[in-house]
Each structure stands twice: as C-alpha cells, then as structure tokens.
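Hi,

Here is the structure I said I would pass on. Have a look at it first, and then read my notes underneath.

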Amino acid sequence: MSTTTALPQLYSYGHALEMSDDKVGLLRDSRDAMDDVAELHRRFDTDGYLYIKGGLDRDEVLAARQSLVDGLGEAGVLDESHPRMDGVCKPGSGYVFKPELTNNNPAIQKLLYSGNIPAFYQKFYGEEIRHYDFTWLRAIGPGKGTNPHCDLPYMGRGTHSHMTCWVPYGDISFTLGGLMILEGSHKRMDLLENYVYRDVDAFCENKPKEADAAKAGKWAFTGTLSHNPPAVRNKFGGRWLTTEFEAGDFITFGMFLVHASLDNRSDNRLRISSDARYQRASEPIDERWVGINPPGHSLAGKRGRIC
C-alpha cells in the first residue's frame, strides 16, 4: 500500500484522522538496513524512528504473549469463555497497566533483554548498552488510544539519547489500533522546546497546590502534548504514520518524537504491547527506572524545586 486510499478511516483519542495522503501514511520498514549501521543512523536522523518488520522471532514473541495473557487471566481481566491467547477481555476492561507481569517473567526477559533487541542497540550505539529495569506493559481494551506525547518528560533525568522500543505481542490490525508517530516531529524544536524538557515528577515547592498534588503522588504536569491528534498534525506538519503490526515486529524511536496510538475499535480484544528503554552504558541513567523496585512516578520519584 503506497497511498492512504487503501487505508480504512483511522481514529485516535476519539478523533477521526484526516485521511489524505499528506496527513496520514505508512511507516517505512527498515529491515532491509539491519546490517548497515550507517544507513540505520541516516534513517533514524531523517525519520526519527526505525521500524523493523519481522526483526524478532515470531514464536518467541507469541510465547511471551502466552505468559502475559495467562497473567491477565489470573488477574481477572480476560473473558475465560475464549482461549486466553485471543486476548478477549471482559466488558469495561479499558486501560490495563500491569508492569508487574514482566517481572520474573523468563519469556519477557529473554525477548526484551537478551538476543536480538539488545544486540540491535549495541550495534546501533557502537558500544556497551544498558536498559531500564522497569518495563511498561499495557493491555488496552476497546476505547481511546494514547494521547500525543514525547517520552522525555517521563524519563529525562539521565541521558537524552536513550531510545524506546515498542513491541506488539500479537498481530495488531488497524481496528485493534497500534502505535503511530508524527513524521518529522523530532525536528520541530521550535514547537517542542517549552514542552519536552519539563519533568512530570518535578513540582514547585513554593506553590501549595503543586506541593499538595506531589505529596499525594499526583502530577502537576501530565506530559500530554494534546488531546487532539489531528490538531497536532496540523500544527507540526508531517503525517501520522502507522501500519498493521505483526508479532515479530518492533519499532524504536528517540525521546523527542511525537507519538500516540490509534483507538482500539474492536468489540472485545485487548491490544497488548510493551515499552522498554535502552541507552549507552557510558551515559547517565534516570534513577526512577533502575533497581530491583524502581520508584518510577511514585512519591519517591518526585523532585521539588523553588519556581
């Protein structure tokens, strides 16, 4: 498919995307450049992302999916009248965020942190790497997808050259709704500068409302760029890029790329995916995401300052 005339109407955060060829498109597959590091860097600099179709062993990804749906089943999220591997959820299972399903999970740990994925980053960075100890595991039921945002506001206390790796655990059709990225947005620092360097866990100690929110473990700034994906595209230019993902695909991108997800417009199926983060071992790392029990966005991760 080279034009959007072959695409169905797509939706994100309750908004119908404008489907003209200059506003929506398909991700570029960089599997052909896997052995050409210079070309990978060129595409990453140009596009802001690298989509590697079939870069992982499909059977290994599906084995990881089995471990996750078993955990979701035990948590009471699934409709057990269907095979667990189908990921059919009970009514009302909206946004299920269960990073604990990745802890002490050999199938997930093997897939994400040994083998092809870390080998890819070591080759890309050209030196030893390390990864965050926290894995973001999401199972998204029917309904709205994820708002447009960049990742840096959530993880910017160390290096700013780390990368996100998004892995789908199963085939994700346009109906189920996968990740989408805003083409060229990583180059729009004129629009991002006042947003992207803010820290969601920073708060003004001298502002009582912010201080009270932080003490309650809440955010004064959520990190969301917008609730309206079409409006973001119209402001930034470029196209929203996505595809129908398959088990075995992964996509990686940097901290300054605007991304979101399509809505899950299925009747009853979960969209299961994870985010992991990788960086050069020689660079500083965000303390919120490392250790046996990373503090993350908890009260321990808050940072007060005088504003």
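To start from the outside: how much area does the protein expose, and what share of it do carbon and sulfur atoms supply? The exposed area comes to about 13,300 Å², and carbon and sulfur atoms supply 49% of that. Keep in mind that this is a predicted model, so every value here is computed from predicted coordinates.

Now the overall build. The protein has seven helices and 15 strands. Its radius of gyration is 19 Å, close to the 19 Å that the globule rule gives for 307 residues, so the protein is as compact as a globular protein of that length. If you want a feel for the dimensions, the C-alpha atoms fill a box of roughly 50 × 45 × 40 Å along the principal axes. Of the 307 residues, 52% are buried. Looking at contacts with a separation of 6 or more, 79% of them come from residues 24 or more positions apart.

On charge, I get 36 positive and 41 negative side chains. The centres of those two sets lie 6 Å apart.

The part I spent time on is strand β14, residues 271-280. Why do I call β14 largely enclosed by the rest of the structure? Nine of its 10 residues are buried, each having under 20% relative accessible area, so the strand is largely enclosed.

Here is how β14 pairs with other strands:

- β6 (residues 129-131) runs antiparallel to β14, with three bridges between them. H131 has Y278 in β14 as its bridge partner.
- β7 (residues 136-140) is also antiparallel to β14 and is joined to it by five bridges. Here I140 sits opposite R271 of β14.
- β8 (residues 163-168) is joined to β14 by six bridges, again antiparallel. In this pairing W166 stands opposite D275 of β14.

If you open the model, H131 and Y278 are a handy pair to click on for the β6 side, and W166 with D275 does the job for β8.

One last spot, away from the strands: A119, which belongs to helix α4 (residues 116-125). Is A119 buried, exposed or partly exposed? Its relative accessibility is 45%, and because that falls between the 20% and 50% cut-offs, A119 counts as partly exposed. I also checked A119 against R43: the two are 76 residues apart in sequence, and their C-alpha atoms are 19 Å apart in space.

That's what I have for now. Shout if anything is unclear.

Cheers

Technical notes
Residues are numbered from 1 along each chain as its sequence is written. This is a predicted model: local features need pLDDT of at least 70, side-chain atom pairs count only at pLDDT 80 or more; totals for chains, interfaces and linings use all residues. Side-chain values use heavy atoms; hydrogens and water are left out. Buried means under 20% relative accessible area, exposed over 50%, partly exposed in between (1.4 Å probe, protein chains only). Helices (H or I, at least four residues) and strands (E, at least two) are DSSP runs, numbered from the N terminus. Two strands pair if DSSP finds at least two bridges between them. The radius of gyration is taken over C-alpha atoms; the globule rule is 2.2 Å times the number of residues to the power 0.38. Contact means heavy atoms within 4.5 Å. Accessible areas come from the Shrake-Rupley method with a 1.4 Å probe; for residues, only the protein chains shown count as cover. Lys and Arg count as positive and Asp and Glu as negative; His and the chain ends are not counted. The place of a charge is taken as NZ of Lys, CZ of Arg, CG of Asp or CD of Glu.
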